[in-house]
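Visitor: I would like to go through this model with you, one question at a time. Please give the reasoning before each answer.

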Amino acid sequence: MRCCSLVVLVASLVLHAGTLPASAQIADVSPLCADRPGATGASPFDLAAAEPVRSGARSARPASDLNCIDLWSTTRGGDAVGVVELRRPWSPFGVTVTPEGRHRHELIAWIDRLPEPSDLGPYTAYVAWATPLSLDPVVRLGAVENGRNELGEVAFNKYLIWVTAEASGDATERSGPLIVRGRSPSARMEAHDLMALAPSAEEGMSMIPPDKDGEAWPMPPSYEGVPMLPGVMRSRPRVEPLRPLPSSLEAADIPAALPRQMITLPDGGTLDLTAGFLRKTVAGRDLVMMGFNGQIPGPLLHVPEASTIFVNFANETSLPTAVHWHGLRLENRYDGVPGVTQDPVPPGGSFRYQLRFPDPGIYWYHPHHREDVAQELGLAGNMLVEPLDSTYYNEVDREEILMLDDLLLGPADVVPYGDESANYMLMGRFGNIFLTNGETEYGLDVEAGEVVRFHLTNVSNTRTFNLSFRSTDQPESAPLTIKAVASDVGRFERESMVESVVLAPAERYVVEVLFPEPGSWALTNQVQGINHRQGLFLEETTVLGRVAASGTGEPATAHGDAAETATEGTLHAPHAPVPDFTSLRTHDAVVAEIDRYRHRFDAPPDLELLLTLEVDSLPMAIEQSMNLDWVYFNPVEWTGTMPVMNWATSGAEVEWILRDPRSGAQNMEIDWSFRVGDVVKIRITNDRAAFHAMQHPLHIHGQRFLVLEQNGVPNENLVWKDTVLLPTGSTTDILLELSNPGRWMVHCHIAEHLESGMKFVFDVEGS
Ligand SMILES: [Cu+2]
């Protein structure tokens, strides 16, 4: 739809830059920011160059505007100009944030044409500073000069960069005149002009009938503290509501949910697994949900590495379904993707799966047919694949398998889903109730000094978590240090210490935590949402559970779900003293395995993908409001601050797209084919110019891959993955190993994006 104007505008920008004399360009600016006006030497007074897409031609906005800060001169600075790259410091995760969820950036500034400081007055040096828009505090970044300057790390939400002339390069407080300055990309967000929007909001109403069936759609929960525009408030989804329930005959026999059971299976073992309805009380509502074997989460399958098991699956729900075994490099016909590897299992039907587990680690299983409905209603379980090598992990005192989720509840029941297609199609369906292992409050008792290994899986439809352990006595103190050990398909090359864990839908991380002293720690999700209407960041802090560390030396007492403690008790290691928690292992076997591929890392990409979306016939109030949001997108949309707008969108208006830019094919038109043994480098660009750009956790079935670099910055500590978080406006290179023959799906793991069609299938022929 917007492709043609994109091409024309990009071309005109390139021509514009190309007409500048080469001598005016700043040398050696990173490729990420090379197209910025400061870098190309454009006049600082050429506002068209500074904001090239202000006049409705938004498709031309390059990703650099989310990752670079333009520096402009004040009158005193003359021709001085510059650009600052916001480079992500390395972390084990797809984005690097503080425990509060603020994005961390290393700032690298290229500055040119600064005059001699002494020409301006009694000054000898220039100093750079960063300050939030409140102007307090003003943080010294360091002395700067013409050329490249490393300014250290900044993690403010919205901020300004100043360069001032100072009497000394060592100045610790700013006192001299401002010479060049810039503002963070996020600082472009301003409060929406409600007066400008109001007429279009009313006008938009004629585009959407209030409701085809009277009041079939109850209004969804709002986001506390963020009111919506009146026009948006009157929008309704164009699809009918869907709330899967058992037939009235069956309803009386629906059992109450059971706690999760751990089922240990030997090589060759068989599991009977039934998806069905159950009753569960969540946050005071008595709900009919779904579960595997009557449990939420589903049974925890505990199997040895390199084993094969059989699963007799039966569908006793009212929806066609199938079970996908996420992350397993198994035989293709058991991958559980309806329409690709099998027919959907109808209500009352069954299917026998054969699973093999070539890789140790934590995996999970869930439906791959309307997963926006069935997975959210409770159909998800974990598989813990026990390594054959007893030294694979560190010695710890106990292991916990945590499934992180959220659920969207109205006053009495689950908010209905879309029938003909999913709704919440723009951002995905954020829940308003957090569930950890199916419960609103997770509890764990340990003894002070114990180390716990947590196997974390995010099974939510769209929410990305930022998890930390904070002292409940001193919530302002630094959170506990977390050791990142492994991710989706194995261990990192090297263990590393972090303060919080970023977990996108379908990703897994294995981490270890030392509870150093008696006390209580809150498992906390802390993120920065955006109040788009006011152009403000909004901190959201949610306590998901508590870990109590006793100092008495007595055995830990049961807490929380007693049955679960009993069934998973065999995972508790003996209380031997644990080796020094602060030591970090390098996993030589992982390094050696990846060494086979390193010669490919710097090769040009073999294939490319562009992640974008097309919208059609959106209600005008929503479209107008989103036009204003487009000025800035957070690398991650952490929470659902625009629930009504999001709720009113469905497949009728929104299509999320995976596009092969070389062929123009998109979604199921893409027909890549490979042979077993192929290794391909794929460059994935998350289109900043998309009408509503956001992150996508991209999942590749049946294979494994390495994340080589993001925005041109190499990944310095690799791990095999099956799902990668692609931040808004970023470019990510992955190296995909084709080890497993068959027809395999690639898709966004935001359940609603998948439902809108954001998927394709590639073929791998046997060698
Ligand atoms: Cu997506």
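Visitor: In what order do the eight strands of the open sheet with antiparallel pairing stand?

Guide: This is a predicted model, and what follows is computed from it. In the open sheet of eight strands, β5 (139–144) and β6 (147–154) stand at the edges, each with a single partner strand, so one side of each is left without a neighbour in the sheet. Neighbouring strands are turned by 20 degrees against each other on average, direction ignored. Read across the sheet, with antiparallel pairing, the order is β5-β4-β7-β8-β1-β2-β3-β6.

Visitor: Which residue in β7 does A128 stand opposite?

Guide: Strand β4, residues 125–132, pairs with strand β7, residues 159–166, in the antiparallel sense, and eight bridges connect the two. Within β7, the residue that stands opposite A128 is V163.

Visitor: Is D70 buried or exposed?

Guide: D70 is found in strand β1, which covers residues 68–73, and its C-alpha lies 9.9 Å from that of W110, although 40 residues separate the two in sequence. The cut-off for a buried residue is under 20% relative accessible area. With a relative accessible area of 12%, D70 is therefore buried.

Visitor: Which protein atoms are the donors of the copper ion?

Guide: The donor residues follow the sequence spacing H-x51-C-x4-H. H696 lies in strand β35 (residues 696–700) and H753 in helix α13 (residues 751–755), so this pair ties together parts that are 57 residues apart in sequence. Both H696 and H753 are buried. Lying 2.0 to 2.1 Å from the copper ion, the protein donors are H696 (ND1), C748 (SG) and H753 (ND1).

Visitor: How many of the residues of strand β19 are buried?

Guide: In a regular strand the side chains alternate between the two faces of the sheet. For β19, one side carries R398, E400, L402, L404 and D406 and the other carries E399, I401, M403, D405 and L407, and all of these are buried. For this strand, residues 398–407, the number of buried residues is ten of ten.

Visitor: Which residue in β21 is the bridge partner of L404?

Guide: Strand β19 is joined to strand β23 (residues 450–458) by seven bridges, the two running parallel, and there the bridge partner of E400 is F454. With strand β21 (residues 433–436), β19 runs antiparallel and shares four bridges. In β21, the bridge partner of L404 is T436.

Visitor: What is the volume of the largest cavity?

Guide: The model has five cavities of 30 Å³ or more. The largest cavity is lined by 13 residues, and I296, G378, M403, D405 and V459 lie nearest its centre. By class, this lining has seven nonpolar, four polar and two charged residues. The space in the largest cavity comes to about 100 Å³.

Visitor: What is the volume of the second largest cavity?

Guide: Its lining includes H192, V226, H532, R533 and D629. By class, the lining of the second largest cavity has six nonpolar, four polar and two charged residues. The volume of the second largest cavity is about 80 Å³.

Visitor: Which residue in β39 is the bridge partner of R683?

Guide: Six strands form an open sheet of mixed pairing in the order β32-β31-β34-β39-β36-β37, with β32 (654–659) and β37 (713–714) as the edge strands, each pairing on one side only. Strands β34 (residues 679–686) and β39 (residues 731–737) pair in the antiparallel sense over seven bridges. In β39, the bridge partner of R683 is D733.

Conventions. Residues numbered from 1 in each chain as written. Predicted model: local features only at pLDDT ≥ 70, side-chain atom pairs only at ≥ 80, totals over all residues. Heavy atoms only, no water. 1 Å grid on protein atoms, 1.4 Å probe; cavity = no way out; pocket = protein on both sides within 12 Å on 5 of 7 lines; lining within 4 Å. Points joined across faces, edges and corners; volume = space filled by probe spheres on them. Nonpolar A, V, L, I, M, F, W, Y, C, P; charged D, E, K, R; others polar. Donors = N, O, S within 2.8 Å, 3.2 Å for Na, K, Ca; no water. Buried < 20%, exposed > 50% of the residue type's maximum accessible area, 1.4 Å probe, protein only. Pairing = 2+ DSSP bridges. Axes fitted to C-alpha atoms, helices over the stretch in contact; angles between N-to-C directions.
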